[in-house]
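Open the model in your viewer and keep the selection panel at hand. Below is a short tour, one stop after another.

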Amino acid sequence: MGTFIPNTKEEQMKMLNEIGYADFDDLFKDIPAEARVQGELNLPKGKSEIEVSQIMEELASDNVVFDSIFRGAGAYNHYVPAAVDAIANKEEFLTAYTPYQAEISQGILQSIFEYQTMMCQLTDMDIANASMYDGASAAAEACAMTQDRKHSTIYVSDTVDKRILSVIKTYAFGKDSVVKTIPAAAGATDLAALKETLEADDKAACFLMQYPNFNGIIEDGDAIAEIVHGAGAQLIMSVNPIALGVLKTPGEIGADIVVAEGQPLGLGLAYGGPYLGILATTEKNMRKIVGRLVGETKDSQGERGFVLTLQAREQHIRREKAASNICSNEALCALKASIYLATIGPKGLKQVATLCTSKAHYLAEKFEEIGMKRAYEGEFFHEFVTTCPNADQLLDALEDNGILGGLKLSDTEILWCCTELNSKEDMDDVVEIAKEVFSA
């Protein structure tokens with residue numbers, strides 16, 4: 001636009017004179033001349049609203065909008081009911097800032113409280129916080145929660161998304177914490193290696209697994225929980241929230257902390273964000289849970305009310321004592337997740353999860369028929385890895401037909417994903433294109 005400076009030159013001079021300065025050079029005279037920009041900034045002239053709109057439209061035309069998507073790997077193409085954006089975009093929610101002044105933020109606090117309740121029901125945990133920045137930061141915060149004077153080593157399965165591992169290592173670097181990985185066997189965590197490693201390390205704080213893992217395989221959570229707890233460590237499960245519509249819950253498995261990327265719960269792909277970090281835990285970790293936590297109480301007149309509880313704002317700014325630097329949350333994204341779950345309900349969540357897994361199994365069977373065999377034999381939810389003679393050639397052919405194929409893992413392996421939005425016709429088209437590529 002033309003300018004974002006709201007005051008005139010005359011107003012600026014009046015303010016400068018009021019505080020005793022003749023001009024801007026006089027105001028900044030304490031800054032060495034060599035450190036200051038001399039003359040005008042090298043910026044293009046401002047444009048009108050219609051010119052800016054035309055430029056933005058031209059830039060947007062470079063985006064490729066695929067008719068069909070078969071890629072997941074952490075961000076999933078699910079249907080978002082119209083009610084989600086219609087409700088979340090109401091002015092009361094969209095413009096709300098912070099719930100620090102609890103007495104005047106009852107609506108926002110209640111929406112967060114409802115979100116926390118739903119996350120506890122979804123994961124079968126005792127307590128959930130008001131949300132984190134994203135799934136990766138939630139995983140890193142969870143690892144930090146398990147550390148104390150006697151337990152400091154963080155263990156992560158090699159089947160966890162490498163981007164999550166990268167964020168965990170970044171957090172650990174600032175605290176000089178040790179992060180180690182447990183190798184994989186047949187696409188899942190090597191249980192023998194996990195048991196041997198944890199039993200040999202009396203400083204093991206936690207083990208983080210992905211459920212289903214990055215390869216799409218559903219890990220043996222019960223066996224892993226037994227090994228981890230037997231070694232005196234805590235089990236952190238990074239879950240796909242949609243998968244919990246049909247899989248055993250982390251609470252049933254015995255997880256100590258559950259984290260997740262909440263994007264599948266009513267948040268569109270949105271060019272990569274903003275997304276939603278979910279974190280829930282058992283009652284024993286109640287005093288260690290990071291981030292905001294909203295509790296239900298009664299006011300002086302006995303009426304139901306909501307407050308930020310257990311942690312004061314000041315805890316987050318006393319860095320030497322704080323367990324985390326997180327002092328905010330993704331309130332609007334958390335609200336969308338709540339609306340999504342309230343809209344589809346428990347039966348709807350199970351139906352979405354069932355459609356995801358049935359479609360993925362159908363596609364895997366069709367791939368098998370043309371020679372694209374699964375790389376791993378374990379049970380899977382809605383993602384799976386296949387072998388492929390020439391991954392680049394197949395993915396290029398799909399893209400030419402308006403289809404975003406799976407994620408290339410190597411020249412001969414592709415990670416595929418199906419959701420409720422992939423029709424049988426879409427899947428059959430992918431298989432036909434693959435057959436044409438291979439026959440050529």
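Select residues 135–145, helix α7. In this predicted model, 11 of its 11 residues are buried, so α7 is largely enclosed by the rest of the structure. Buried here means under 20% relative accessible area. The run begins with Gly135 and Ala136 and includes Glu141, Cys143 and Met145, each of them buried.

Which elements cover α7? Show β3, α8, β7, β8, β9 and β10 (277–281); the cover of its buried residues includes these.

**The sheet**

Next, colour the strands β2, β10, β9, β8, β7, β3 and β4. In that order they make an open sheet of seven strands, and the pairing is mixed. Now go to the edges: β2 (127–128) stands at one of them and β4 (179–182) at another. Each has a single partner strand, so one side of each is left without a neighbour in the sheet.

Zoom in on β8 (residues 234–239) and β9 (residues 257–261). The two strands run parallel, and four bridges join them. For one bridge pair, pick Val239 and find its partner in β9, Ala260.

**The helix across the sheet**

Select α8, residues 162–175. What does α8 lie across? Its path takes in β3 (153–157), β4, β7 (204–211) and β8. Against β4, helix α8 runs at about 155 degrees. Recall that α8 is also among the elements covering α7.

**A surface patch**

Switch to a surface view and select Phe24, Phe28 and Ile31. These side chains form a nonpolar patch on the surface. Together they have about 260 Å² of accessible area. Ile31 sits in the loop that connects α2 (24–27) with α3 (49–60). Is Ile31 buried, exposed or partly exposed? Its relative accessible area is 37%, so Ile31 counts as partly exposed, a class that lies between 20% and 50%.

**The whole chain**

Zoom out. The protein chain holds 14 helices and 16 strands. Its C-alpha trace spans about 80 × 55 × 50 Å along the principal axes. Of the 440 residues, 45% are buried. Set a contact filter at a separation of 6 or more: residues 24 or more positions apart account for 70% of those contacts. Finally, show the accessible surface of the full chain. About 23500 Å² is exposed, with carbon and sulfur atoms supplying 52% of it.

Terms used: Residues are numbered from 1 along each chain as its sequence is written. Side-chain values use heavy atoms; hydrogens and water are left out. Patches are made of residues with over 30% relative accessible area and no salt bridge: like charges are joined within 9 Å, nonpolar side chains (Val, Leu, Ile, Met, Phe, Trp, Tyr) within 5 Å. Accessible areas come from the Shrake-Rupley method with a 1.4 Å probe; for residues, only the protein chains shown count as cover. A salt bridge is a side-chain nitrogen of Lys or Arg within 4 Å of a carboxyl oxygen of Asp or Glu. Buried means under 20% relative accessible area, exposed over 50%, partly exposed in between (1.4 Å probe, protein chains only). Two strands pair if DSSP finds at least two bridges between them. Contact means heavy atoms within 4.5 Å. Axes are lines fitted to C-alpha atoms, for helices over the stretch in contact, and angles run from 0 to 180 degrees between N-to-C directions.
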